[in-house]
Amino acid sequence: MRFYITTPIYYVNDVPHLGTAYTTIAADVLARHHRQRGDDTHFLTGLDEHGLKVERAAQELGESTAAYVERMAAPFRETWAALDVSYDDFIRTTEVRHKERVGRLWSRVRKSGDIYEGVYEDWYCVACEAYYTQKDLGEGNVCPVHGRPVERLKEPSYFFRLSAYEARLLAHYDAHPEFVAPESRMNEVKAFVKGGLRDLSISRTTFTWGVPVPDDPRHIMYVWFDALANYLTALGDEGGPAWRFWPPTLQLVGKDILRFHAVYWPAFLMSAGLEVPHRIFAHGWLTVNGQKMSKSLRNVVEPRALAREYGADAVRFYLMREIAFGQDGDFSHDALVARWNSDLADNVGNLANRTISLARKLLGGRIPARPPAAADPVLEQAFGEALPKIEAALEAAMPHRALDEILALGRLGNLHVDRRAPWSLAKDGKKAELEACLWNVLELCRVIAVMLAPFVPSHARGLLGQLGHSVDPGHEPRWPRWGELAAGHELAAPAPAFPKFAPERSAEILSRLGVTPPGAPLTAPLPASPEAPAAPGTARIAYEDFARVELRAGEIVSAERVPKSDKLLRLQVNVGEAAPRQVVAGIGKAYAPEALLGKRVAVVCNLAPAKLMGLVSEGMLLAAGEPGTLKLVAFDGDVAVGTRIK
Ligand code: MSP
């Protein structure tokens, strides 16, 4: 099987941060997994170096844009190396190989009749590098994503006939429901396309930092046309050796850039007569200790510093374990340490350590030959049941689910040792049973280490080495089958496979990273927009921190759907003030507006106002669950409107 996985290419006007590291680590885990399954795997990442945003960032520093992008590129490669990221190719859009081929893609699209000349006159957000029309904007002409002023453009432009692709895209989504994942994101994409597609301006004439349009160098290509093409241009020429990977099997993107990948990108490819990717997977948004990432916080969680202090494996494991891939999540140092300690050190590490020690003490340290399966079948059976689930989870890009299953095997192993009590078997002279028990537990340790290898490459290799299964550098341990344990291998005294972070060590790390200890007052406002919601954090906060959230009982006095959104409802909520507040709530998939009238709800009253689809929201309702099935938090009895919840 072929497996071609990509990350977005990152804008070079920022350093690598936890958000970009998150996508890249997820892609690396999946790439490593496919390599160990024997798949012909190609993992591409890289940098998006063109566009107005990058040009302006360079200008602000008084640097030439070319020198600036050169300087900003280095930390990306360094960070991925520090995080043990094993990409096969790294593309930069300023490279000749890209520029030449993106020109060819343009020409193909032009030949198909989908490009025409016109004048673009509307709005543009440089931070998004995206076009907006008046109805998309917030009050005061601000971008709906960033809340920053957008710019008015009027310039000659080439347009891509996106409107002609509405029906073809919808047909593609229907025929390939797996094209966008998770499923809820597919609904968003469909709703967007059904809302009507405008032709897309795909060239600019008012600045020059981009790829010139073939045969018309007054224009440079729109940065998203240029950037999306990287997934194609990096494979070289059609018919060349890397071309076999086309089309991508899995493209990981953040939910903020799904529209570009699930709507524009397949339309460009259809126009060029090329196959479209198999699947675009949109992951969620990360916050830090419940707060939106900001430049200053990014410093605190600079991924290279995290890798230096905790080790790449701990950072990788934590991000893949803690956050359900696809959903929003929160980063906290406490949770990182707690995950490692409880899931790896106390579970798998402890299992390996005690079993190797027991085998040395009770069996003389040599791994025995494989016993008959019937002698001690519990672990083999459990492995047999878990394996297809783990494979399915990884195929569905659900690394957190795979980890659930792998770690459950570790817990089962520990329980098995407790139940079988090898020390008693030894005392009672039950040699065959003793050997069977320890062989099976050692084999379990091996298969767990193999399956953990994509997540924690160094530590998994360390454990495999202890069990007599060293892995050659640059290779992945082959996906396990039960029974391959190295019989006869002499076990050395066990070294902790996943050394625990002791409290003193964690404290030292925090102080070296300059992080305020948990419980200290929050330093930044709570997130104001649902684009950066605080996911259930595991970091402890002091009561004072909680008390800063002004929660009140409210009553919904009017409710209506926000046009063009299947999720958002525009509510007026009485929270005991002179006038009701407008709250734009993402509950429209679970509640019909009429069902909400008169409902008592819990309202967060001191969130900074946010703008959603141009509407100001002055609060947030508490609710739990997935968009389609969520339930609003309710009261157990009568509570007066405006009562503080504490
Ligand atoms: N250059 C474009 C992508 C072009 S792909 C053809 C771009 N670059 S970016 O650097 O701004 O963002 C890249 C990715 O980082 C996006 O997928 C985005 O979702 C992800 N993240 C940025 N901040 C993030 C978080 N706070 N949390 C999770 N992912 C985040 O967009």
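How many residues surround the ligand, and which are the closest? That was my opening question for this notebook. I kept in mind throughout that this is a predicted model.

**Entry 1: around the ligand**

I looked up the shell and found that 23 residues surround the ligand. I9, D48, G254, D256 and L286 are the closest. I then sorted the shell by residue kind: 13 residues are nonpolar, eight are polar and two are charged.

Next I asked which element gives the largest share of this shell. I found that β1 does, with four residues. I also listed the elements that supply at least two shell residues each: β1 (2-11), α1 (18-36), α7 (223-228), α8 (230-233) and β12 (250-254).

**Entry 2: polar atoms at the ligand**

I checked three of the closest residues for polar atoms beside the ligand. For I9, a polar backbone atom is 2.8 Å from a nitrogen atom of the ligand. L286 also uses its backbone: one of its N or O atoms lies 2.8 Å from a ligand nitrogen atom. With D256 I had to look at the side chain, where a polar atom lies 2.5 Å from an oxygen atom of the ligand. I then looked up the cover: on its own the ligand has 660 Å² of accessible area, and the protein covers 92% of that.

**Entry 3: strand β12**

I went back to β12, since this strand is on my list of shell suppliers. Is β12 buried or exposed? I found that five of its five residues are buried, so β12 is largely enclosed by the rest of the structure. I followed the side chains along the strand, too. L250, L252 and G254 point one way, Q251 and V253 point the other way, and all are buried. I was pleased to meet G254 again here, having noted this glycine among the closest residues to the ligand.

**Entry 4: the partners of β12**

Which strands does β12 pair with? I found β1, paired in the parallel sense over two bridges, and β13 (residues 280-283), which runs parallel and is joined by four bridges. I wrote down one bridge from each pairing. I5 has L250 in β12 as its bridge partner, and Q251 has I280 in β13.

I then traced the chain through helix α9 (residues 258-272). Together, β12, α9 and β13 make a right-handed β-α-β unit.

**Entry 5: a sheet of four strands**

I turned to an open sheet of four strands and read its order as β5-β4-β6-β8, with antiparallel pairing. Which strands are at the edges? I found β5 (130-132) and β8 (200-201), each pairing on one side only. For a closer look I picked β4 (residues 115-125) and β5, which pair in the antiparallel sense over three bridges. One bridge I noted there has C125 with A130 in β5 as its partner.

**Entry 6: two single residues**

I looked up V85 and found this valine in the loop between α3 (65-82) and β3 (89-92). V85 is buried, with a relative accessible area of 10%. I compared its place with that of V253 in β12: the two are 168 residues apart along the chain, and their C-alpha atoms are separated by 17 Å.

My last stop was R204, which is found in strand β9 (residues 203-204). Is R204 buried or exposed? I found this arginine buried, with a relative accessible area of 3%. What does its side chain contact? I noted a polar contact of 3.4 Å with the side chain of T206.

Conventions: Residues are numbered from 1 along each chain as its sequence is written. This is a predicted model: local features need pLDDT of at least 70, side-chain atom pairs count only at pLDDT 80 or more; totals for chains, interfaces and linings use all residues. Side-chain values use heavy atoms; hydrogens and water are left out. A residue is near a molecule or strand if one of its heavy atoms lies within 4 Å of it. A polar contact is a pair of N or O atoms within 3.5 Å; within protein, one must be able to donate a hydrogen and the other to accept it, and residues adjacent in sequence count only if both atoms are side-chain atoms. Accessible areas come from the Shrake-Rupley method with a 1.4 Å probe; for residues, only the protein chains shown count as cover. Ala, Val, Leu, Ile, Met, Phe, Trp, Tyr, Cys and Pro count as nonpolar, Asp, Glu, Lys and Arg as charged, and the others, Gly among them, as polar. Buried means under 20% relative accessible area, exposed over 50%, partly exposed in between (1.4 Å probe, protein chains only). Two strands pair if DSSP finds at least two bridges between them. A crossover is right-handed if, with the strands pointing away from the viewer, the path from the first strand over the helix to the second runs clockwise.
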